[in-house]
Amino acid sequence: MIKGLKIKDNSLKIFWIIFAAGVLSRIVLLLAGLAVLKIFGTDVNLMDSLADMGDAVHYIYIAENGYAATGDAANKIVFFPLMPYMMKFLNIIFRNYTLTGLVISYACFGFAAAYLYKLMRLDYSEGKAMDALMLLFIAPYGMFFISVHTESLFLMLSVMTLYYARKENWIAAGIAGFFASLTKSQGMLLVVPAVYEAIICCVRDKKFKKKTLFTLIIPVGFLIYLCINKALQGDWFAFVQHQSVAPWYNSATWVSDSLSTSYSTGVEYFGLSMIIYWPQIALFFAAVALVFVGLYKKVRTSYLAFMGVYVLVTYFQSWMLSGARYITSCAVMYIVMASIDSKPVKYIMYIISGGLCLCWLTMWLQGYAIM
């Protein structure tokens, strides 16, 4: 017991231990990548490299300057507001936007790990909970959890939404989901598992509970993002127009067309195929397969519903470049993989995932176009 809080079995202590382990795992991964580069005689300016990686430069720009209504920077409105606004606020403390972004990513990853453990322990043994954490720590595209990207923030908010929905804390679930939908477009999809759990709760108790309505505020974060589009550029969906032209050339399309484009582009640009196109095709089918594995292993239906719509919506893109990164942020994937009982299969997952993680991290630090 801790002064009025009903905490048993040192659950608070375990939470902070796992939080620290999550943060430490990011530092260790980054140092491991730098060590490999050093062995091969390659030097990088770490802070400059992290500031220029992928979307990091855009989030740093928005944090410094805000969204632009017109001009060359107007297209940065395609990036959701929560991450850069957090950076702007916390930069008062850290006085460096790159450092501020890294602190946010590392801290959010630590909280994501702690909440993932708590979520796993609702249904699984401690061993399986640790398996989920280990698979998260060595995710092949885990370098996006150590940089100025939204992946850590989104992962934390999505796991929190799932956890609080399971605990029937509808206010907390709604708030976490609301902020998730201010972080990524996929955030509003968290309304699916949250509402599902709310319905299950009401049916079980044969009573409508007004607090379950808080799950409906989850998509409101996305609506606020649309309001920003309208206020600044006069169009609720200005971001769609910007995404359809240079440098993204991206619009909505069927999943089959998205995969076909990835395949044909991978064939044409073989050098990029191994780090962008083939992995995102493979991860799509792996994610779909994991949904069926989850059904077989009786993983909670609300989780699988979220993962299913998450994967499908993510691949509704005409020119996909970051599919592997987006799949890496889907928390349910780690839950399903951890539910597998076969030790040989888990060892194979550890070896492949860890090897690819270190390989792609070192390439990414050198400036390879891993997005």
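Where is M87 placed? In this predicted model, M87 lies in helix α4. M87 counts as buried because its relative accessibility is 0%, and buried means under 20%. Apart from neighbours within four places in sequence, M87 is in contact with Y59, I60, A63, Y97, T100, G101, I104 and V148. A further relation links M87 with E64: the two residues are 23 apart in sequence, while their C-alpha atoms are 8.7 Å apart in space.

Helix α4, residues 82-94, also takes part in a feature of the surface, for this helix gives the most residues, four, to a nonpolar patch. The patch is formed by M47, F89, I92, I93, F94 and L99, which together have about 590 Å² of accessible area. One of these residues, L99, is found in helix α5, residues 97-121. L99 has a relative accessibility of 34% and therefore counts as partly exposed, a class that falls between the limits of 20% and 50%.

The explanation now turns to helix α9. This helix comprises the 15 residues 191-205. At 1.5 Å a residue, α9 should span 21 Å, and its end C-alpha atoms are indeed 21 Å apart, so the two values agree. Which residues of α9 are buried? They are V191, P193, A194, E197, A198, C201 and C202. The cover over these buried residues includes three other helices: α7 (151-166), α8 (170-180) and α14 (301-314). Just after α9 comes K206, which takes a positive phi of about 55 degrees.

Definitions and conventions:
Residues are numbered from 1 along each chain as its sequence is written. This is a predicted model: local features need pLDDT of at least 70, side-chain atom pairs count only at pLDDT 80 or more; totals for chains, interfaces and linings use all residues. Side-chain values use heavy atoms; hydrogens and water are left out. Patches are made of residues with over 30% relative accessible area and no salt bridge: like charges are joined within 9 Å, nonpolar side chains (Val, Leu, Ile, Met, Phe, Trp, Tyr) within 5 Å. Accessible areas come from the Shrake-Rupley method with a 1.4 Å probe; for residues, only the protein chains shown count as cover. A salt bridge is a side-chain nitrogen of Lys or Arg within 4 Å of a carboxyl oxygen of Asp or Glu. Helices (H or I, at least four residues) and strands (E, at least two) are DSSP runs, numbered from the N terminus. Buried means under 20% relative accessible area, exposed over 50%, partly exposed in between (1.4 Å probe, protein chains only). The expected span of a helix is 1.5 Å times one less than its number of residues. Contact means heavy atoms within 4.5 Å.
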